[in-house]
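Let's take a walk through this structure together. Have the sequence and the 3D view open side by side as you read.

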Amino acid sequence: MKGAQAENLAKQILQSKNYQILGTNLSYSFGEVDILAQDDKTLVIVEVKFKSSPLFGRAEEMITKAKKHKLINLAQFLAKQYHMENVRIDVVAINNEDYTHYVNAVEEYGRD
């Protein structure tokens with residue numbers, strides 16, 4: 001599985017949970033959104049991480065403090081752009097063929 005295949009799998013996972021996909025691979029000057037979706041009345045920034053081998057850790061471990069900070073900045077920006085009060089950050093971690101969807105994975109969104 002390659003990166004694009006992992007993102008397609010993540011989209012399928014989200015769509016199976018009735019998320020509406022609004023966009024993919026959206027680039028901004030301060031970061032990129034892998035998948036932008038809507039879950040009911042909530043705007044969801046989805047970070048997709050993929051690891052093909054467990055030798056060097058799991059995909060979840062790739063979400064660093066710096067990455068969280070970028071995702072929080074993106075969430076704040078997109079909340080204003082889409083005029084939505086409810087925004088959250090999810091992570092779809094794919095390890096080989098197994099996946100985990102972490103809802104509200106970056107919980108410090110909105111905190112100082």
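**An aromatic cluster and the sheet beside it**

Tyr-28, Phe-30 and Phe-77 come together as one aromatic cluster. Before we look at the rings one by one, please keep in mind that this is a predicted model.

In total, the structure contains 3 aromatic pairs. One of them joins Tyr-28 to Phe-30: the ring centres are 6.2 Å apart and the planes differ by 20°. This pair counts as stacked because planes under 30 degrees apart fall into that class. Phe-30 also pairs with Phe-77, and here the centres are 5.3 Å apart with the planes at 80°, so this pair is edge-to-face. The cut-off behind that label is an angle over 60 degrees.

What does the pair of Phe-30 and Phe-77 tie together? Phe-30 sits in the loop between strand S1 (20-28) and strand S2 (31-39), while Phe-77 belongs to helix H2 (residues 65-81), so the pair links parts that are 47 residues apart in sequence.

Are these rings buried, exposed or partly exposed? Tyr-28 has a relative accessible area of 25%, which makes it partly exposed. Phe-30 is partly exposed as well, at 31%, and Phe-77 is partly exposed with a relative accessibility of 28%. These values earn that label because buried means under 20% and exposed means over 50%.

Now let's turn to the sheet. It is an open one, built from 5 strands in the order S1-S2-S3-S4-S5, with mixed pairing. S1 and strand S5 (98-102) are the edge strands, each pairing on one side only. From one strand to the next, the twist averages 25°.

As a reminder, strands of a sheet pair through backbone hydrogen bonds, in either a parallel or an antiparallel way. S1 and S2 run antiparallel and are joined by 7 bridges. If you would like to find one of these in the view, look for Thr-24, whose bridge partner in S2 is Ile-35.

Two helices complete the tour. Helix H1 (residues 3-16) packs on the sheet, where it touches S1, S2, strand S3 (42-51), strand S4 (87-95) and S5. The direction of H1 makes about 125° with that of S4. H2 lies across S1, S2, S3 and S4, and runs at about 150° to S3. H2 also brings us back to the aromatic cluster, since Phe-77 lies in this helix.

Definitions and conventions
Residues numbered from 1 in each chain as written. Predicted model: local features only at pLDDT ≥ 70, side-chain atom pairs only at ≥ 80, totals over all residues. Heavy atoms only, no water. Phe/Tyr/Trp six-rings, centres within 6.5 Å; stacked < 30°, edge-to-face > 60°. Buried < 20%, exposed > 50% of the residue type's maximum accessible area, 1.4 Å probe, protein only. Helix = DSSP H or I, 4+ residues; strand = E, 2+ residues; numbered from the N terminus. Pairing = 2+ DSSP bridges. Axes fitted to C-alpha atoms, helices over the stretch in contact; angles between N-to-C directions. Contact = heavy atoms within 4.5 Å.
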